[in-house]
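Okay, thanks for coming, everyone. I'll put the structure up and then walk through a few features, one by one.

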Amino acid sequence: MATIKLDSNKRTMTGKGSARKLRSAGRLPVILYGPEMSPIMLSLDYKQLQKILRGKSAENIIFDLEVDSNGKNQSKRVMIKELQKDPVTREYLHVDFYEISMEKELEVDIPLYLVNTPLGVTEGGILEHIRREVKVSCMPKNLVDKIEIDVSGLAIGQSLHIEDIDLPSGLKTIEDGDLTIATVVAPSIEEEVVEEELEEEGEEKAEEEAESEEIKVEEKS
């Protein structure tokens, strides 16, 4: 995976007040961690990060982070460790980055996307997406942001497991191969019966209420 360049500036102020000022100025507070370094407080351009992350899995992007500290630039290969968002507006509030080595394997969760319509669905079945990501081990250069899985061959009653995935080159799964990713199930007869019973109960109740209203009217007159 190609790295994405991201610019940042060192900051010295901390606290909620300082963070609010940064955000109001279009900047985002950031902390950079690493196995052989002390945490560094940074800020970056909000819109630049927003544009990069649009439509992507934030956790699986490798950034070439340019750190501007007192006029001296340092380049760090980093990934997002945590991205905090406002629970209501979903705007970014804070980012934690961690430095990685391009020579060491990573363990990451890769999103799984199901593509095409299963044969079983065309026959009336229901596609259930059970597992939406898979944990893999790989070198940073082999990292991908998603894995697409063709489920067109699944018939009713058939399932797709982790061991059935053709992983991209350089990726190794570190999970149990028997774990189910997707399955096509037949429509539940029980659910149809329950729905019919509920409809009948609703009709009977409505009739009883209507009769009760008629009795009340008669009593008043």
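Let's start with this: which are the buried residues of helix 1? Keep in mind that we're looking at a predicted model. For helix 1, which covers residues 16-24, the buried ones are S18, A19 and L22. Look down the helix axis and those buried residues fall within an arc of 100°, so they line one face of helix 1. Now go round to the other side of helix 1, and you find K16, R20, K21 and S24, which are exposed.

Right, on to the aromatics. How many aromatic pairs does the count come to? Two.

One of them is Y46 with Y92, and that pair is tilted, with 5.5 Å centre to centre and 40° between the planes. Y46 is in helix 2, residues 46-53, while Y92 is in strand 6, residues 92-99, so this pair ties together parts that sit 46 residues apart in sequence. Are these two buried or exposed? Y46 has 15% relative accessibility, so it counts as buried. Y92 comes in at 11%, and it counts as buried too.

Then there's F63 with F97. Here the ring centres are 5.6 Å apart and the planes are at 75°, so we call the pair edge-to-face. This pair also links distant parts of the chain: F63 belongs to strand 4, residues 63-69, and F97 to strand 6, with their positions 34 residues apart. As for accessibility, F63 is at 0%, so it counts as buried. F97 is at 0% as well, and again that counts as buried.

Staying with rings for a moment, let's turn to the lysines. Which residue lies over the face of Y33? That's K81, at 5.2 Å from the ring centre. There's a similar story at Y113, where K146 lies over the face of the ring, 5.4 Å from its centre.

Last stop, the pockets. What lines the largest pocket? If you want to find it on the screen, pick out P35, E36, E99, I100, S101 and K104. Sorted by class, that lining has three charged residues, two nonpolar and one polar. And the space in there is about 170 Å³.

So, to recap the ring part: we have a tilted pair in Y46 and Y92, an edge-to-face pair in F63 and F97, and lysines over the faces of Y33 and Y113. That's my lot, thanks.

Terms used: Residues are numbered from 1 along each chain as its sequence is written. This is a predicted model: local features need pLDDT of at least 70, side-chain atom pairs count only at pLDDT 80 or more; totals for chains, interfaces and linings use all residues. Side-chain values use heavy atoms; hydrogens and water are left out. On a 1 Å grid over the protein atoms alone, a cavity is a set of points where a 1.4 Å probe fits but cannot get out, and a pocket is an open set with protein on both sides within 12 Å along at least five of seven lines; lining residues have an atom within 4 Å of a point. Grid points are joined across faces, edges and corners, and a volume is the space filled by probe spheres set on the points. Ala, Val, Leu, Ile, Met, Phe, Trp, Tyr, Cys and Pro count as nonpolar, Asp, Glu, Lys and Arg as charged, and the others, Gly among them, as polar. Rings of Phe, Tyr and Trp (its six-membered ring) pair if their centres lie within 6.5 Å; planes under 30 degrees apart count as stacked, over 60 as edge-to-face and the rest as tilted. Helices (H or I, at least four residues) and strands (E, at least two) are DSSP runs, numbered from the N terminus. Buried means under 20% relative accessible area, exposed over 50%, partly exposed in between (1.4 Å probe, protein chains only). A charge sits over a ring if NZ of Lys or CZ of Arg is within 6 Å of the ring centre and within 35 degrees of the ring normal. The arc is that of the directions from the helix axis to the C-beta atoms.
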